[in-house]
Amino acid sequence: MGQKILLDKIHIPGIKTYDVYRQNGGYAAVEKALKHMTPDEITEEVKTSGLKGRGGAGFPMGMKWSFIDKKSGKPRHLVCNADESEPGTFKDRYLMEHIPHLLVEGMIVSSYALGCNLSYIYIRGEYMWVYKILERAIKEAYAAGWLGKNIQGSGYDLDLHVHCGAGAYICGEETALIESLEGKRGNPRIKPPFPAISGLWQNPTVVNNVESISNVPWIVLNSGADYANIGHGKSTGTKLISASGHIKNPGVYEIELGLSVDEFMNSDQYLGGMMNDRPLKALVPGGSSVPILPAHLIYKTAANEDRLMTYESLSDGGFATGSMLGSGGFIVYNDTACIVRNTWNFSRFYHHESCGQCSPCREGTGWLEKVLWRIENGQGREEDIELLWSIQSKIEGNTICPLGDAAAWPVAAAIRHFRDEFEYHIRFPEKVKDRNHFTAEPFSQVQHLMHKQTL
Amino acid sequence: MEKTLHKQNINISESLMARIEELISHYPADKRKSALLPVLHEVQDAHDNWLSTELQEKVAEILEIKPIEVFEVVSFYTMYNQKPVGAYHFEFCRTSCCMIRGAEDMIDYTCNKLGIKEGETTADGLFTVTGVECLGACGYAPMMQVGDYYHEHLTPEKVDQIIADARAGNIKIHDK
């Protein structure tokens, strides 16, 4: 049983309310921080913890904090990114829904460390009922004197509000999020300047994920070194994993980083193995943007080492044979899943969500979707696989924000590892007319056709 | 701006205005525009779930910004409806994790049951069915959003029940 930092109190009845949260040690980190620690000491602890941003990019949180401009004298802001929209990811929602005061407490301590007096939680508009839960939690925190002027007599002031988006994946990109918080379209900004210098209303701003901020109270109450002792190597601490797809026990799990993928997948304590005991075909370990892994690269790396739930092990082998931990959106596919259909589905998502600023992404995602759709529907052409490869390679690296890369990578990985399935769709169009073609006849059962017949 | 074809009765009630003022107070006094997204949600909820051009102009007036600043936001975000939709807007997640757990079948089932195609509204104006992108309920698939709430682990029986409840007016759509 791994250590729990975030979900250890989640099953206490009533933990959603202020009183129960407080009775169970809640807001002790704020007390400790305001009474006994300077802002810089907290930042140092967070640096020591090795905590990497839990939204997906994995940038060290303490380092991000240290970039905030304190010299200009402008007001500073902390903005929590609760725009959780990466397909496969539903962990932040779980935290906010069930233990909202943990995020509020994390926001207070982190805002204090950064010297912010006005902070926001930006939540996606679809999580409207969670928005209301947070609004109530914030009201309770104000009433109990944890927010507002002169918090607990410390002289520190903080106003915290929750702000809702309105349906745009791109607002999870931090500069698009800031634009959206300013009441504009979610168009990512050109960087530099980075938000740490010029963010919300041109003020120095740090944007951190819900899970990242929720770890800060524990680090303050214990220490950065204690946090760094949990986990595996440079992958310190615990990670929330959102598990979905063809598994027995979908849901949100807090794991100690370093757990093996095999144990996470198959232990009854976690995912309990494959739904209906069908064969495992593929895994997207970190949200839709990260490369898909074929069955033989899931439990073992290409170097035949155990694949672990760490930033390093999941990316072992680079994009050729590895993937990424990303947001922890762990999507499992069995042999009834069609990789072409799934890749088309992802491309449709990115096409829908592209903000339209950069032409490689705006046009390219649409082309990917269209070409994938025709292959999936038995109208593919022989040259389409090369065409897809060419399109994705011209999106990657050529856009203002990483949405372009996120759209390109799944296509590249699908072709890299499942090229024969694309070829099958093109060569046997009559076999893929029904959208559930691999449910009746999994690819493994028809793969032999590929050897018998040539174009 | 082009005026909308459908008429919408605009009524910014006292309680709605109080809520709008509360939202505006969350931002610095010279940053009223920042309240635009939350304000649009409130205004849309109070106006049959859509925002006519005239209503958008009203929001611009309240926030002291130009109408185009509202329009460019409304047309960017998927949750704002520029045309009337059904009283119960069934928004099914159709992205990968939901798709592989039967979302497409569930959308087909619901559309057949209601006698409409995806994207359409029933003649009585009660229901609209739309496929939308990932709603962050991947582990609880298939699922749909109706107003402020999620309905998860859907089965045909659950969909039947939701439709029956909606017809009887027994579904809560907003948390106000």
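pLDDT is the predictor's confidence in each residue, from 0 to 100. Keep that in mind, since the structure above is a predicted model.

## Exercise 1: Confidence

Task: Find out what the mean pLDDT of chain B is, and which ipTM and pTM the model scores.

Solution.
- Step 1. Begin with chain B: its mean pLDDT is 95.
- Step 2. Next, look at the share of residues in chain B that reach 70 or more, which is 97%.
- Step 3. Finally, turn to the whole model, which scores ipTM 0.96 and pTM 0.97.

## Exercise 2: The overall build of each chain

Task: Describe chain A and then chain B by their helices and strands, their radius of gyration and their buried residues.

Solution.
- Step 1. Count the elements of chain A: there are 20 helices and 11 strands.
- Step 2. Chain A has 455 residues, for which the globule rule gives 23 Å; its radius of gyration is 23 Å, so chain A is as compact as a globular protein of that length.
- Step 3. Along the principal axes, the C-alpha atoms of chain A fill a box of roughly 80 × 45 × 40 Å.
- Step 4. In chain A, 56% of the residues are buried. Of its contacts with a separation of 6 or more, 71% join residues 24 or more positions apart.
- Step 5. Now chain B, which has 7 helices and 4 strands. Along the sequence they follow the pattern α-α-α-α-β-α-α-β-β-β-α.
- Step 6. A compact globule of 176 residues would have a radius of gyration near 16 Å, and the 18 Å of chain B agrees with that. Its C-alpha trace spans about 50 × 35 × 30 Å along the principal axes.
- Step 7. In chain B, 41% of the 176 residues count as buried. Residues 24 or more positions apart account for 61% of its contacts with a separation of 6 or more.

## Exercise 3: Domains

Task: Work out how each chain is divided into domains, and what kinds of residues domain 2 of chain A turns towards domain 3 of chain A.

Solution.
- Step 1. Mark the domains of chain A: domain 1 (18-229), domain 2 (232-334) and domain 3 (339-452).
- Step 2. The C-alpha centres of domain 2 and domain 3 of chain A are 23 Å apart.
- Step 3. Between these two, 9 residues of domain 2 of chain A are in contact with 11 residues of domain 3 of chain A. On the domain 2 side, 7 are nonpolar, 2 are polar and none is charged.
- Step 4. Chain B is divided into domain 1 (14-74) and domain 2 (88-167). The C-alpha centres of those two domains of chain B are separated by 29 Å.

## Exercise 4: Where the chains meet

Task: Say which element supplies the largest share of the side of chain A that touches chain B.

Solution.
- Step 1. Start with the contacts: 47 residues of chain A meet 35 residues of chain B.
- Step 2. List the elements of chain A that each supply at least two residues to this side: α7 (128-143), β3 (159-164), α8 (174-181), β7 (238-245), β11 (329-334) and α14 (339-353).
- Step 3. The largest share, 6 residues, comes from α14(A).
- Step 4. Sorted by class, this side of chain A has 18 nonpolar, 20 polar and 9 charged residues.

## Exercise 5: A sheet in chain A

Task: Trace the order of the strands in the open sheet of 5 strands, and identify its edge strands.

Solution.
- Step 1. Strands of a sheet pair through backbone hydrogen bonds, either parallel or antiparallel.
- Step 2. β7(A) and β8 (251-256) of chain A pair in the antiparallel sense over 6 bridges. They form a hairpin with 5 residues between them, and I241(A) stands opposite Y253(A) in β8(A).
- Step 3. β9 (280-284) of chain A pairs with β11(A), again antiparallel, over 4 bridges. Here A282(A) stands opposite Y333(A) in β11(A).
- Step 4. The full order in chain A is β8-β7-β11-β9-β10, with mixed pairing.
- Step 5. The edge strands are β8 and β10 (293-294) of chain A, because each pairs on one side only.

## Exercise 6: One residue

Task: Decide whether I108(A) is buried or exposed.

Solution.
- Step 1. Locate I108(A) in helix α6 (100-114) of chain A.
- Step 2. Recall the cut-off: a residue is buried if 20 or more other C-beta atoms lie within 10 Å of its own.
- Step 3. I108(A) has 28 other C-beta atoms within 10 Å, so I108(A) is buried.
- Step 4. Beyond its neighbours within four places in sequence, I108(A) is in contact with V30(A), W146(A), L147(A) and L158(A).

Conventions. Residues numbered from 1 in each chain as written. Chains lettered and ligands numbered in written order. Predicted model: local features only at pLDDT ≥ 70, side-chain atom pairs only at ≥ 80, totals over all residues. Domains from an automatic or database assignment. Contact = placed C-beta atoms within 7 Å. Nonpolar A, V, L, I, M, F, W, Y, C, P; charged D, E, K, R; others polar. Pairing = 2+ DSSP bridges. Rg over C-alpha atoms; globule rule 2.2 N^0.38 Å. Buried ≥ 20, exposed ≤ 12 C-beta atoms within 10 Å, placed from the backbone.
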